[in-house]
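Colleague: Please take me closely through one part of this model, the aromatic residues, and then through what surrounds them. I should like the cut-off for each term as you use it.

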Amino acid sequence: MSDLPENIVEAEIAIVLTDIIGSTKFVQRNGSRVAAQWFGVHDRAVMNFIARNNGQLVDASDGHLMYFGNVSDAIAFAFAYKKYLRQKKFPFRSRVGIHWDKMLIVRTPEHLVRAGGKRINLEGIGKNIAARTMSLCEPEQILLSSNAFKHYKQYGHRNPHIPPKAQSALVGLYKFKGVSEPEALYAIGLIEMQLQPPPDSEKAKRI
């Protein structure tokens with residue numbers, strides 16, 4: 001690739017996608033006012049956990065797109081986030097998918113940010129892999145792509161914010177829609193239930 005514009009940086013990062021499970025049904029069942037209150041508390045907590053673990057928010061809707069400089073910080077974020085939802089008795093759960101890849105980090109020109117554009121965008125197939133990984137995640141799981149798991153095993157064991165009793169397991173080989181090569185996925189958790197193979201989603205099938 002030729003020299004990149006000054007607003008684009010190429011870097012290896014941990015891409016993390018979250019998604020609130022059943023958000024539309026939750027709004028329909030409880031009404032927009034109640035849902036907005038819960039979602040507001042949820043979003044503030046997510047931002048707090050991103051900051052605590054040295055991450056950067058990219059985008060937010062029913063879930064969040066973010067990135068971290070290493071996989072162990074991404075996993076520490078995921079454990080803190082999942083624990084918070086349980087402890088505070090949130091009426092919904094969330095999926096989390098983590099992938100490690102070389103990506104383009106694109107900073108939006110300031111005049112477009114002032115017009116409502118996102119400050120940062122991520123470009124690369126890694127975002128698709130993270131999204132497909134996340135789509136399979138069960139309510140109490142944290143799922144990692146093959147690259148994310150390899151990076152974690154090499155560098156992640158010293159992170160003090162990952163529970164010392166955390167276990168990981170290969171949960172299967174999956175074919176992702178729009179991605180040519182199948183992906184080996186791993187789960188990380190504290191109990192056996194969190195380490196089971198997730199069922200297929202619309203865009204990811206176990207092979």
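Modeller: F39 has a relative accessible area of 17% and is therefore buried, the term standing for values under 20%, with exposed meaning over 50% and partly exposed the range in between (1.4 Å probe, protein chains only). The model is predicted, so local features are given only at pLDDT of at least 70 and side-chain atom pairs only at pLDDT 80 or more, whereas totals for chains, interfaces and linings use all residues. Residues are numbered from 1 along each chain as its sequence is written, and side-chain values use heavy atoms, with hydrogens and water left out.

The aromatic pairs come to a count of ten. F26 and F39 make one of them, a tilted pair with 5.7 Å between centres and 50° between planes. Rings of Phe, Tyr and Trp (its six-membered ring) pair when their centres lie within 6.5 Å; planes under 30 degrees apart are stacked, over 60 edge-to-face, and the rest tilted. Because F26 lies in helix α1 (residues 23–30) and F39 in helix α2 (residues 32–52), their pair ties together parts 13 residues apart in sequence. Helices and strands here are DSSP runs numbered from the N terminus (H or I, at least four residues, for helices; E, at least two, for strands).

F26 is itself buried, at 3% relative accessibility. F26 also forms an edge-to-face pair with F92, 5.3 Å centre to centre and with 80° between the planes. F92 sits in the loop between α3 (71–87) and β4 (94–107), so this pair ties α1 to a part 66 residues away in sequence. F92 counts as buried at 5% relative accessibility. One aromatic cluster takes in F26, W38, F39, F49, Y84, F90 and F92.

From the rings one may pass to the nonpolar core. In soluble globular proteins, nonpolar side chains tend to be buried together. A nonpolar core is a set of buried Ala, Val, Leu, Ile, Met, Phe, Trp, Tyr and Cys residues joined through side-chain atoms within 4.5 Å. The largest one has 36 residues, and V16, V71, I75, F77, I98, I142 and L144 touch the most other members. Two or more residues each come from β1 (8–20), α2, β3 (64–68), α3, β4, α6 (146–155) and β8. The largest share, ten residues, belongs to α3.

V96, in strand β4, is buried at 0% relative accessibility. Leaving aside residues up to four places away in sequence, the contacts of V96 (heavy atoms within 4.5 Å) include V16, Y81, M134, I142 and L143. I142, with the same sequence neighbours left out, touches residues including F79, I98, Y186 and I188.

Y186 and I188 share one side of strand β8 with A184, while E183, L185, A187 and G189 occupy the other, and both faces are covered. Seven of the seven residues in β8 (residues 183–189) are buried. β8 pairs in the antiparallel sense with β7 (residues 167–176) over seven bridges and with β6 (residues 143–144) over two; strands pair if DSSP finds at least two bridges between them. A184 is the bridge partner of L173, and L143 stands opposite A187.

Charged side chains complete the picture around the loop that holds F92. Five salt bridges are counted, each a side-chain nitrogen of Lys or Arg within 4 Å of a carboxyl oxygen of Asp or Glu. E140 meets R86 at 3.5 Å, N to O. That pair links the loop between α5 (125–136) and β6 to helix α3, 54 residues apart. R86 is partly exposed, at 33% relative accessibility. E140 also meets R93, at 3.0 Å, N to O. R93 lies in the loop between α3 and β4, 47 residues from E140, and is partly exposed at 22% relative accessibility. Shared partners join R86, R93 and E140 into one network.

The loop between α3 and β4 also holds K89. Most residues other than glycine have a negative phi. The phi of K89 is nevertheless positive, near 55°. K89 is exposed, with a relative accessible area of 68%.
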